[in-house]
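Work through the exercises below with the coordinates open. Try each task before you read its solution.

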Amino acid sequence: MKQTLNWQIASVTNIRPETVKVKSFTLKLPAWMRHRAGQHYDIRLTAEDGYQAQRSYSIASEPEREGEVDLTVERINDGEVSMYMHDVLLPGDRIEARGPIGGYFVWEATMTGPLLLIAGGSGVVPLMSMIRHRAAAGGRNPTTLLYSSRTFEDIIYYNELEQLRKTNSGLQIFHTLTRSQPAGWKGYARRIDQDMLKDVAGPLGKSVQAYICGPTLLVEAAANTLVKIGVKSDQIRTERFGPTGG
Ligand SMILES: Cc1cc2nc3c(=O)[nH]c(=O)nc-3n(C[C@H](O)[C@H](O)[C@H](O)COP(=O)(O)OP(=O)(O)OC[C@H]3O[C@@H](n4cnc5c(N)ncnc54)[C@H](O)[C@@H]3O)c2cc1C
């Protein structure tokens, strides 16, 4: 379906820190449209001399929330748009936004098969929209999130994920910390590899639908490894966020 979306002026109604480098922004949208979990918005900044910068940001919130969306943005050093959002934008400010965009990397609660979500860093954002949507819709399909972060402090949405895991039947969460681990850490402590994917994906069975999002290298490695352990490539959807391998 061809999407013709106009730019609209969103109001920033709330900004809250998620980690030291990550903040969530609530945007109130005058022409809000219900999104599908996994879609994104484009954000456009215009300088006084007319110079424009535009970037994509996944929707973090569930489609059941009307009139507004949450975007969760990692501050990239020297990053034009993410630094502006972190360092300049204040509640009450207005910003140009266009969306929701994307029709491939989406999941709906009506898809009741087993679901495998694999994230690296801020790649967890569109997957969080799926998990929040599943919770809001009362979904009970077996769902596993495997989430790779550098350190414990870099995990986005840790407390909410724990809460959702406890209250949503069929939701499992696995973390891996690649750089350092706190004392007594019980999760994985290495990059995503074949043994790890066998552990987490195996119980979901052959009909699993996988969504992988994060830095390009992580996405490609995870997708190739899933194929090696027997997941068909047409059961894997990927979204790449940035150039680095983290
Ligand atoms: C469909 C889609 C959805 C996205 N969703 C999100 C999201 O939900 N949250 C989020 O934080 N980002 C998301 N991104 C990434 C985002 O669009 C920007 O690329 C990112 O914020 C950097 O933009 P910038 O203007 O701050 O940096 P730029 O000025 O574009 O880049 C500055 C420097 O940082 C490097 N760089 C650019 N992007 C990254 C990155 N992601 N990681 C590490 N280094 C980088 C560049 O190579 C350059 O050297 C998404 C990207 C896509 C394509």
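**Exercise 1. Backbone outliers**

In which loop is Asp 78 found? Then check its phi, and look for a cis peptide bond.

Solution. Start with the setting: this is a predicted model. Asp 78 sits in the loop between strand 5 and helix 1. Next, read the torsion. Asp 78 has a positive phi of about 65°, although it is not a glycine. Most residues other than glycine have a negative phi, and most peptide bonds are trans. Now take the peptide bonds. The one from Gly 99 to Pro 100 is cis, with omega near 0°. Pro 100 belongs to strand 6.

**Exercise 2. The antiparallel sheet**

Find the order of the strands in the open sheet with antiparallel pairing, then locate its edges.

Solution. Step one: trace the order. The sheet has 6 strands and reads 4-3-6-1-2-5, with antiparallel pairing. Step two: take the ends. Strand 4 and strand 5 are the edge strands, and each pairs on one side only. Step three: get the twist. From one strand to the next, it averages 40°.

Step four: inspect one pair. Strand 1 (residues 8–17) and strand 6 (residues 94–101) are antiparallel and share 4 bridges. Within this pair, Ser 11 has Arg 94 of strand 6 as its bridge partner. Step five: add the helix. Helix 1 packs on the sheet and touches strand 2 (22–28), strand 3 (40–46), strand 4 and strand 5. The direction of helix 1 makes about 75° with that of strand 4.

**Exercise 3. The parallel sheet**

Repeat the analysis for the open sheet with parallel pairing. Why is one side of strand 9 and of strand 11 left without a neighbour in the sheet?

Solution. Begin with the order. Here 5 strands run 9-8-7-10-11, and the pairing is parallel. Strand 9 (171–177) and strand 11 stand at the edges with a single partner strand each, so one side of each has no neighbour in the sheet. The twist averages 10° from one strand to the next.

Now pick a pair. Strand 10 (residues 209–214) and strand 11 run parallel and are joined by 5 bridges. Tyr 211 has Arg 237 as its bridge partner in strand 11. Finish with the helices. Helix 4 (residues 194–201) packs on this sheet, touching strand 7 (115–120), strand 8 (143–149) and strand 9. Its direction makes about 150° with that of strand 8. Helix 5 (residues 216–228) lies across strand 7, strand 8, strand 10 and strand 11. Helix 5 runs at about 160° to strand 10.

**Exercise 4. The ligand shell**

How many residues surround the ligand, and which are the closest? Break the shell down by element and by residue class.

Solution. First, count. The shell holds 22 residues, and the closest are Arg 55, Ser 56, Tyr 57, Val 81 and Ser 82. Second, sort by class: 7 are nonpolar, 9 polar and 6 charged. Third, assign elements. Strand 4 (52–58), strand 5 (68–74), helix 1 (80–87) and strand 11 (236–240) each supply at least two residues. The largest share, 4 residues, comes from strand 4.

Fourth, check polar distances to ligand oxygen atoms.

- Arg 55: a side-chain N or O atom is 2.7 Å from an oxygen atom of the ligand.
- Tyr 57: a polar side-chain atom lies 2.6 Å from a ligand oxygen atom.
- Ser 82: a polar side-chain atom lies 2.6 Å from a ligand oxygen atom.

Last, compute the cover. On its own the ligand has 900 Å² of accessible area, and the protein covers 74% of that.

Definitions and conventions: Residues numbered from 1 in each chain as written. Predicted model: local features only at pLDDT ≥ 70, side-chain atom pairs only at ≥ 80, totals over all residues. Heavy atoms only, no water. Near = heavy atom within 4 Å. Polar contact = N/O pair within 3.5 Å; in protein donor to acceptor, adjacent residues only side chain to side chain. Areas by Shrake-Rupley, 256 points an atom, 1.4 Å probe, with all protein chains shown as cover. Nonpolar A, V, L, I, M, F, W, Y, C, P; charged D, E, K, R; others polar. Pairing = 2+ DSSP bridges. Axes fitted to C-alpha atoms, helices over the stretch in contact; angles between N-to-C directions. Contact = heavy atoms within 4.5 Å.
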